[in-house]
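The following exercises are to be worked through with the sequence and the model in view. Each task is followed by a solution in steps.

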Amino acid sequence: MVASLGAVRGWRRRAVGFVDYDLISGPAGLLLAHSVGGPPGRHQHTAALVAHLADLGSQPDKLRIGAHEGHPLASWTQGGIVTGLAHGVAGVVTDRKGIATWPRCDTGTDCPPRQAWCYGNPGVSWALWTAGQAMARAGLSAGQALCDTAVAAFRTLCDGFDPGFHLDVHPFSVCHGAAGVMLVADAFARHAAVPQAAVLRDRLAEWLWSDLDDLRRLAESDMSLLTGACGVLAALLTVNGANRDWLRCLALS
């Protein structure tokens, strides 16, 4: 049923908003959800999702935001191309801690120095690594170079990550906080054999376990997956050997 909705949904191809393409609220997330438990191709209607996203990705300006004028939360994106795994695409810079990172938007908007799953080095580095892997499997010589770039970028995060500096809101959470960074580090450790990533994963797991009292307080107000205690606990269980299938909805593995 959801796949059928994806085939007929009128997503914009110009002057887009997050709902027209992204992972959290748009067709990228819908496509990933269909991949859980089997390949996306098993659903006949996912072809429409793939075609729509491929069209937007064919020219960077097609991803320029034009639908958020006056939006109470996302107006800062208007006119820009947004980066990050949760909502966008990427352009690299270095932050004040020496970490290779990606600004949240190309409009020059002053944004906090977040390094998280949703924005910044962790999510974008992982997206680049998985893209490089896909290119390599397709026989494209640039794939390995892209993987190497992603690993090099993520190593700068491992060396310079500071929770007090880089986690501006929801510091425990999967989306904005330590749990999400921990999951990305775990993925790099498991799949890309990056030893520094394993060290960062273990450091963040220890940090989260040490703050269980604050996590209990978070559970009283937010039990959601992305920003609440449910996601944090799921992440901690996952890096300790629990089922990993749900990570595909976060573009992780």
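**Exercise 1: Backbone angles in two loops**

His170 has a relative accessibility of 36% and therefore counts as partly exposed, a class that lies between buried (under 20% relative accessible area) and exposed (over 50%), computed with a 1.4 Å probe on protein chains only. The model is predicted: local features need pLDDT of at least 70, side-chain atom pairs count only at pLDDT 80 or more, and totals for chains, interfaces and linings use all residues. Residues are numbered from 1 along each chain as its sequence is written, and side-chain values use heavy atoms, with hydrogens and water left out.

Task: State where His170 and Ala15 are found and give the phi of each.

Solution.
1. Most residues other than glycine have a negative phi.
2. His170 is not a glycine, yet its phi is positive, at about 45 degrees. The loop between helix 6 and helix 7 holds His170; helices are DSSP runs of H or I with at least four residues, numbered from the N terminus.
3. Ala15, also not a glycine, has a positive phi of about 50 degrees. Ala15 lies in the loop between helix 1 (2-8) and helix 2 (27-35).
4. With 42% relative accessibility, Ala15 is classed as partly exposed.

**Exercise 2: The faces of helix 8**

Task: Determine whether the span of helix 8 agrees with its number of residues, and state which residues are buried and which are exposed.

Solution.
1. The expected span is 1.5 Å times one less than the number of residues. For the 15 residues of helix 8 (residues 195-209) this gives 21 Å, and the end C-alpha atoms are 21 Å apart, so the two agree.
2. Ala197, Ala198, Leu200, Arg201, Leu204, Ala205 and Leu208 are the buried residues in helix 8. Because they fall within an arc of 165 degrees when seen down the axis, they line one face of the helix; the arc is taken from the directions from the helix axis to the C-beta atoms.
3. Pro195, Val199 and Glu206 are exposed on the other side of helix 8.
4. The packing partners of the buried residues include helix 5 (142-160), helix 7 (178-191) and helix 10 (229-239), where contact means heavy atoms within 4.5 Å.

**Exercise 3: Two cysteines**

Task: How many disulfides are counted?

Solution.
1. A disulfide is a pair of cysteine sulfur atoms within 2.5 Å.
2. The count by this rule is zero. For Cys118, the nearest cysteine sulfur is that of Cys175, 4.1 Å away.
3. Cys118 is buried at 1% relative accessibility, and Cys175 is buried at 8%.

Notes
Helices (H or I, at least four residues) and strands (E, at least two) are DSSP runs, numbered from the N terminus.
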